[in-house]
Amino acid sequence: MGAFLTLSTSAAVILLVIRGGLCVDIIGGAEVTPHSRPFMALIKGANGQSICGGALIKKNWVLTAAHCNVEGGSVILGAHSQKAREKEKQVFRIAKQIRYPCYCSSRKENDIMLLQLQKSAQINKAVDTIDLPNSDDDPKPGTICTVAGWGKTHNHLRKLSDTLREVNVTVISRKICNDKKHYKNNPVITDNMICAGAKNGGKDSCSGDSGGPLKCNNVMRGITAFGKPNKCGSVDGPGVYTRLTKEYLQWIRKTIGGV
């Protein structure tokens, strides 16, 4: 999987957004039961086009990726379809966007951002928060995780998915992810990142999925960040996710007043 920059930017940017910054849409997954992921946020840019996903962590705070260009955009909660009118949808303007200090787009480091909504969401069956983890456990290689989003379903398509989709991906060791058959240390997959995909490829996040939550053993452990441009689901370019480390969790709680 991969993840996300704005759709209006280049394809490479979109891929980054999805796969940890490069490719972010759901490849090889399936549509979820409508409104069964109430924590999912759909983020749209100033032009009304979908650019990223996110996770509602407090009634008026959404966690997403720093590379997402949300200037003048909006956040939609309770969505299943991007286009259909749904009574469950709640739309919010963004009051503040706070990127993690020292976010580095070239190295894909610290790709994490908080969005404060102008007002609090109404919590119900279709809109609810996701718990932050109590620890910063690092998912071991082989761990099965899930990622969801409205991103691309095929590399050759410009169009994103209208409905929310989800796929299972498997954690890959950083040593393997950095080797010459994968990212070749460009960028370096650090301890602040999680690499995940499928042994034979075909399962990944992609353009438009950036910022969405990565859940492992039903606990949120990461944020969709980037992948290789135009290679969502490829064996040599598994998705990369910002790992929710102790430092990131402390920053989140301090910024939003604790959860």
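Start by selecting Asp111: its side chain is buried yet has no salt bridge, and the nearest side chain of opposite charge, Arg99, is 6.9 Å away. The model is a predicted one. A salt bridge here would need a side-chain nitrogen of Arg or Lys within 4 Å of a carboxyl oxygen of Asp or Glu, so the 6.9 Å to Arg99 does not qualify. Asp111 sits in the loop between β6 and β7. Now add His67 to the selection. The side chains of Asp111 and His67 make a polar contact at 2.6 Å.

**Stop 2: Glu109, in the loop of Asp111**

Select Glu109, which is in the loop between β6 (90-99) and β7 (113-117). Which side chain of opposite charge is nearest to Glu109? It is that of Arg107, 4.4 Å away; Glu109 is buried and has no salt bridge. With the cut-off for a salt bridge at 4 Å, the 4.4 Å to Arg107 falls outside.

Next, show what surrounds Glu109. Not counting residues up to four places away in sequence, Glu109 touches Cys102, Tyr103, Cys104, Thr190, Asn192, Met193 and Tyr248. Two cysteines, Cys102 and Cys104, are in that list, and they are the next selection.

**Stop 3: Cys102 and Cys104**

Are Cys102 and Cys104 buried or exposed? Cys102 is exposed, with a relative accessible area of 64%, whereas Cys104 counts as buried at 17% relative accessibility. For the sulfur of Cys102, the closest cysteine sulfur is in Cys104, 9.2 Å away, which is too far for a bond. Seen from Cys104, the closest cysteine sulfur is that of Cys102.

**Stop 4: Met113, in strand β7**

Move along to Met113, in strand β7. Met113 has a relative accessible area of 0% and so is buried. Select Thr64 as well: the C-alpha atoms of Met113 and Thr64 are separated by 5.3 Å, although the two residues are 49 residues apart along the chain.

Show the contacts of Met113, leaving aside neighbours within four places in sequence. They include the run Val62, Leu63, Thr64, Ala65 and Ala66, then Cys68 and Val70. Gln97, Ile98 and Arg99 are also in contact with Met113, as is Trp251. Arg99 has appeared before, as the nearest side chain of opposite charge to Asp111. Cys68 leads to the disulfides.

**Stop 5: the disulfides**

A disulfide is a covalent bond between the sulfur atoms of two cysteines. How many disulfides does a search of the whole structure find? There are 4; among them are the three visited here.

Select Cys52 and Cys68, which form a disulfide with their sulfur atoms 2.0 Å apart. This pair links distant parts of the chain, 16 residues apart: Cys52 is in strand β3 (residues 50-58), and Cys68 in the loop between β4 (61-64) and β5 (74-77). The link of Cys52 and Cys68 is left-handed, with -95 degrees about the S-S bond. Cys52 counts as buried at 1% relative accessibility, and Cys68 does at 0%.

Go on to Cys177 and Cys195, joined by a disulfide with an S to S distance of 2.0 Å. Cys177 lies in helix α2 (residues 174-178) and Cys195 in strand β10 (residues 193-197), so this pair ties together parts that are 18 residues apart in sequence. With 60 degrees about the S-S bond, the link of Cys177 and Cys195 is right-handed. Cys177 is buried, with a relative accessible area of 0%, and Cys195 is buried as well, at 1%.

Then select Cys206 and Cys232, a disulfide with 2.0 Å from S to S. The two cysteines are 26 residues apart and link distant parts of the chain: Cys206 is in the loop between β10 and β11 (213-216), and Cys232 in the loop between β12 (219-224) and β13 (239-243). The torsion about the S-S bond of Cys206 and Cys232 is about 75 degrees, so this disulfide is right-handed. Cys206 is buried, with a relative accessible area of 0%, and Cys232 is buried at 5%.

**Last stop: the whole protein**

Zoom out and colour by secondary structure, which comes to 3 helices and 13 strands. Of the 259 residues, 59% count as buried. Among contacts with a separation of 6 or more, residues 24 or more positions apart account for 71%. Switch on the surface to finish: the accessible surface comes to about 11000 Å², and 48% of it belongs to carbon and sulfur atoms.

Note on methods:
Residues are numbered from 1 along each chain as its sequence is written. This is a predicted model: local features need pLDDT of at least 70, side-chain atom pairs count only at pLDDT 80 or more; totals for chains, interfaces and linings use all residues. Side-chain values use heavy atoms; hydrogens and water are left out. Helices (H or I, at least four residues) and strands (E, at least two) are DSSP runs, numbered from the N terminus. Buried means under 20% relative accessible area, exposed over 50%, partly exposed in between (1.4 Å probe, protein chains only). Lys and Arg count as positive and Asp and Glu as negative; His and the chain ends are not counted. Contact means heavy atoms within 4.5 Å. A disulfide is a pair of cysteine sulfur atoms within 2.5 Å. Accessible areas come from the Shrake-Rupley method with a 1.4 Å probe; for residues, only the protein chains shown count as cover. A polar contact is a pair of N or O atoms within 3.5 Å; within protein, one must be able to donate a hydrogen and the other to accept it, and residues adjacent in sequence count only if both atoms are side-chain atoms.
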